[in-house]
Amino acid sequence: MLKIILINFALFLGTLSYAQEPSFDFQYKFSITGITENGAAKMQIDLIRKLMGVKAVKFDDSLDRFIVFTHLEFDPAELLLKLVANGVAIEGEIVKIDLG
Amino acid sequence: MKQLLTLLISFTIGIGWGQTFTTTPGTSIVSLATISSSITVAGVGIIDCDYGLEEVCIDIDHTWDSDLFIYLEDPAGDLYLLTAYNGGGGDDYSVTCFNMAAVTPVSIGTAPFNGSYIPDGNIDMANNGQDADGAWTLYVADDAFGDDGTLTSWSLLFSADANCVEPTTADCDGGTTVCTDETFTGNSDGDGNFVDLDATNEGCLSGENQSSWYYFQAATDGDYAFTIETAVDYDFAVWGPLAAIVCPPVGAPLRCSFAAVAGNTGLEAGAGDLSEDAFGDGVVDPITASADDIFIICIDNYTADGTSFDLTWDLTAGASFDCLLLPIDLILFEAKQVGHSNLIEWRTVSELNNSHYTLETSIDGVNWEFEADIAGAGNSTGKIGYEYTDYSVENEITYYRLSQTDFDGKKNRLGTVSVQNGAAKEIVKIINLMGHEVDETYKGLKVYIYTDGTMSKVISQ
């Protein structure tokens, strides 16, 4: 039922023709081994987007940390396993912040 | 998999030609589960406003149709809702076709569904310039306990009779013409309704994330530079010089920056390069243009977080913009009754200095009342569609008058249309699928029953 509601909602959003301010429910912050520079970070972002099914991702160069903004809720431990299993060498833990 | 895939290509002589792809999976539909069935499309290629997906047909045996939520996924992963919980306690979708040109919305149809219906979603959105070759998947979700069925067959029809949706400012075709050197603010909520970039033309970019498209034309020879001021990672590409705006742009961009640095980017004298990858410094060389040269710009928020930008021009060596654009060119202005409202639509193919539209209503075509102001596009040379819904329909005939006001206050009347609504009907009561009376705030499918005995079904989310 939840899946149906989510799909329905996604389809509804897809029909909107006007610009909306994005709103995000969660932030996920993590570092990737060896990624300490913007250019190298950008080469990882498309893979992160694909694996997490998200769009808004940025790299904080001062802390060498990726920040993912999304309405999707992940369990940090499960997310860590998924990213690592797909070749993303997460360094340390994934920090989840509920923006709600 | 017990799916049996068959491929039929049909040629309809005299009308045009189409390609139909059919599969006969015979898959059981079980309560509280979702099944899927795929068709591999080959030999269709790019689908757009000229040739694309026209129709999706399904043949489903199922008792109590309103258990079903059926949607289609295209090769790019985008979803299109075909029907959601329609048909009440009736049975079957018996050779039911979903076509945006159909007359009856499936939401007000009755089971057994047979023939053509307008889907709950918009399948025209699939005709967005994507490559149709690949897997198309139909999902059938049975969202209630107690009734089962079978997905007997389904098909896709691609033809020249297909339509498409209007471009947005996040599409090349919906771009905004820049004709002053004043700083402007831009933003976008996505990558638009059309696929404008691919390996042949994206240059240093990596597709679109949250893009905005602009055009400019040089009035004089000179050097054209700009700075995109922002706090996040914006990229851009410029195509040209062109003799006319062509969308999507053809070939590699003239200038391109995919620099990963968060913050300002743009064209800057002394940058020393014409294109740069993620490791670039954010600036590439200015454009030296000749009078009348046209350029297309795509500005893309790679971070995709909704942060806006300000674009500031730096015109040197005699550079200036050509603003000799056409005035507002209105190609459509019509009004029609939709349910218990009137839908007023208009389209332009160009706008110059257009602040806003004003819509007025009248019951006699003589005495007019203000209805609404609708923001104009400012300056644009792309097709733009506008619509306004009048929910306060009370008269047999309602007249609508449209006018336009420039930024300098000059007002131009664009036209008048009318809608014949007949005698207004009143709602007797509203019921849900269980037959219980509900009010207009009820979420889900509800049936409106009117004084003249007619009914309509509405889904509220």
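This passage looks at confidence in chain A, the overall make-up of chain B, and a few backbone oddities in chain B.

The model is a predicted one, so a look at confidence comes first. Chain A averages a pLDDT of 82, and 77% of its residues score at least 70. That average hides quite a spread between elements: strand β1 of chain A (residues 26-32) has the highest mean pLDDT, at 96, while helix α1 of chain A (residues 2-14) sits at the other end with the lowest, 43. The weak patch takes in residues 1-21 of chain A, where the pLDDT is below 50. This stretch still has 25 contacts in the model beyond near neighbours in sequence. Even so, predicted coordinates should not be read in detail where pLDDT is low.

Chain B is a strand affair: 35 strands and 0 helices. Of its 461 residues, 50% are buried. Take the contacts in chain B with a separation of 6 or more, and 66% of them turn out to link residues 24 or more positions apart. The accessible surface of chain B adds up to about 19800 Å², and carbon and sulfur atoms supply 52% of that.

On to the backbone. Most peptide bonds are trans, and most residues other than glycine have a negative phi. Chain B has some departures from both habits, including two cis peptide bonds that lead into prolines. One of them joins B:Ala111 and B:Pro112, with omega at about 0 degrees. B:Pro112 belongs to the loop that runs between β9 (93-98) and β10 (113-117) of chain B. The other goes from B:Cys247 to B:Pro248, and here omega is near -10 degrees. B:Pro248 is also a loop residue, placed between β18 (234-242) and β19 (255-257) of chain B.

Positive phi values turn up as well. B:Asp292 is not a glycine, yet its phi is about 80 degrees. This aspartate lies in the loop between β23 (287-289) and β24 (294-301) of chain B. B:Asp292 counts as partly exposed because its relative accessibility is 47%, short of the over 50% needed for exposed. B:Ala304 likewise has a positive phi, near 60 degrees, without being a glycine. Its loop follows on from β24 and leads to β25 (309-316) of chain B. In terms of cover, B:Ala304 is buried, because its relative accessibility is 3% and the cut-off for buried is under 20%. So the two positive-phi residues part ways here, with B:Asp292 partly exposed and B:Ala304 buried.

Conventions:
Residues numbered from 1 in each chain as written. Chains lettered and ligands numbered in written order. Predicted model: local features only at pLDDT ≥ 70, side-chain atom pairs only at ≥ 80, totals over all residues. Heavy atoms only, no water. pLDDT = per-residue confidence, 0-100. Helix = DSSP H or I, 4+ residues; strand = E, 2+ residues; numbered from the N terminus. Contact = heavy atoms within 4.5 Å. Buried < 20%, exposed > 50% of the residue type's maximum accessible area, 1.4 Å probe, protein only. Areas by Shrake-Rupley, 256 points an atom, 1.4 Å probe, with all protein chains shown as cover.
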